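Please look at the sequence and the model that follow, and keep both at hand while reading. The paragraphs below lead from single side chains to the sheet and on to the chain as a whole.

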Amino acid sequence: MNNRKKYLFVFLAAAAAAVFLWWAYFAPAGKRFRLYDRVRETEVFSVPVKAGDQLRLEIEHSFEHIPWYEYYTVTEDDQFNLDAIAVAGYGAGIPAEMDVPTRIEDGMVWMEEINSVFPNFKWITSATYMKSLTLNGEIVFDFRSLPDASRILGEIINVRGNLTSV
């Protein structure tokens with residue numbers, strides 16, 4: 001092999017390695033919804049998301065002991081739009097006079113078209129009353145798996161690197 005071919009081969013091999021390293025560790029690899037323990041400074045859960053995905057938070061009201069559901073849509077700018085709340089009645093701490101369409105169906109009071117936007121969630125969890133997180137109809141996380149009173153941040157993050165986004 002003459003010198004020119006050797007240099008070309010080395011150049012192409014180096015270029016291929018550089019492209020691979022960029023793809024593996026630096027290329028945009030999508031967005032993830034993650035739950036982050038703010039005290040322990042660790043990620044406790046992560047799942048891919050995109051604009052338009054639907055999240056549902058299931059809670060049991062701590063005083064009334066009735067089901068409470070919150071429905072969110074992931075927005076184009078990586079925030080959470082509160083679309084609706086469904087609660088099995090009115091009681092302490094339940095918004096009773098929201099100026100939104102309200103209906104009763106199957107024993108649940110539905111408040112819809114709320115359109116309140118949240119950049120992230122900051123929760124202090126309850127091993128008793130905070131139940132599950134559903135993404136597009138599939139339960140993806142059970143908050144009861146966390147220690148009681150965990151300080152959790154729910155947020156959308158941009159992931160870089162196709163080999164780093166487990």
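Tyr72 is buried in this predicted model, its relative accessible area being 6%, whereas Phe118, with a relative accessible area of 30%, is partly exposed. A search of the whole structure finds ten aromatic pairs, and Tyr72 and Phe118 form an edge-to-face pair, because their ring centres lie 6.2 Å apart and their planes stand at 75°. Since Tyr72 belongs to strand β4 (residues 67–74) and Phe118 to strand β7 (residues 108–118), the pair ties together parts that are 46 residues apart in sequence.

Trp123 and Phe143 can be read in the same manner. Their ring centres are 5.4 Å apart and their planes meet at 85°, so this pair, too, is edge-to-face. Trp123 lies in strand β8 (residues 121–124), while Phe143 sits in the loop between β10 (138–142) and β11 (151–160), so the pair ties together parts that are 20 residues apart in sequence. With a relative accessible area of 13%, Trp123 is buried, and Phe143 counts as buried at 0% relative accessibility. The residues of both pairs belong to one aromatic cluster, which is formed by Phe33, Phe45, Tyr72, Phe80, Phe118, Phe121, Trp123, Phe141 and Phe143.

Charged side chains offer a second set of links. A search of the whole structure finds nine salt bridges, among them one between Lys31 and Asp78, whose closest N and O atoms are 2.9 Å apart. Because Lys31 lies in strand β1 (residues 28–37) and Asp78 in the loop between β4 and β5 (80–87), this salt bridge ties together parts that are 47 residues apart in sequence. Lys31 is partly exposed, with a relative accessible area of 29%, whereas Asp78, at 18% relative accessibility, counts as buried; the cut-off that decides this is 20%, under which a residue is called buried.

Which residue forms a salt bridge with Arg34? The partner is Glu155, and the closest N and O atoms of the two are 2.8 Å apart. This pair links distant parts of the chain, with Arg34 in strand β1 and Glu155 in strand β11, 121 residues apart, and both Arg34 and Glu155 are buried. A network of salt bridges links Arg34 and Glu155 with Glu43 as well. Another salt bridge joins the side chains of Arg40 and Asp37, at 2.7 Å from N to O, and Asp37 counts as buried at 2% relative accessibility.

The strands themselves can now be placed. Seven of them make up an open sheet in the order β6-β7-β5-β4-β3-β9-β10, with antiparallel pairing. Strands β6 (102–105) and β10 stand at the edges, where each has a single partner strand, so one side of each is left without a neighbour in the sheet. From one strand to the next, the twist averages 25°. Within this order, strand β3 (residues 54–60) and strand β9 (residues 130–135) run antiparallel and are joined by four bridges, and Ile59 stands opposite Met130 in β9.

The loop between β8 and β9 holds Ala127, which counts as partly exposed at 31% relative accessibility. The C-alpha atoms of Ala127 and Ser145 are separated by 7.4 Å, although these two residues are 18 residues apart along the chain. If residues up to four places away in sequence are not counted, Ala127 touches Arg144, Leu146 and Asp148.

For the chain as a whole, the secondary structure comes to one helix and eleven strands, and from the N terminus on the elements run α-β-β-β-β-β-β-β-β-β-β-β. Of the 166 residues in the protein chain, 37% are buried, and the accessible surface comes to about 10,100 Å², of which 56% belongs to carbon and sulfur atoms. Among contacts between residues at least 6 apart in sequence, 56% join residues at least 24 apart; the salt bridge between Arg34 in β1 and Glu155 in β11, 121 residues apart, is a link between such distant parts of the chain.

Terms used
Residues numbered from 1 in each chain as written. Predicted model: local features only at pLDDT ≥ 70, side-chain atom pairs only at ≥ 80, totals over all residues. Heavy atoms only, no water. Phe/Tyr/Trp six-rings, centres within 6.5 Å; stacked < 30°, edge-to-face > 60°. Helix = DSSP H or I, 4+ residues; strand = E, 2+ residues; numbered from the N terminus. Buried < 20%, exposed > 50% of the residue type's maximum accessible area, 1.4 Å probe, protein only. Pairing = 2+ DSSP bridges. Axes fitted to C-alpha atoms, helices over the stretch in contact; angles between N-to-C directions. Contact = heavy atoms within 4.5 Å. Areas by Shrake-Rupley, 256 points an atom, 1.4 Å probe, with all protein chains shown as cover. Salt bridge = Lys/Arg side-chain N within 4 Å of Asp/Glu carboxyl O.
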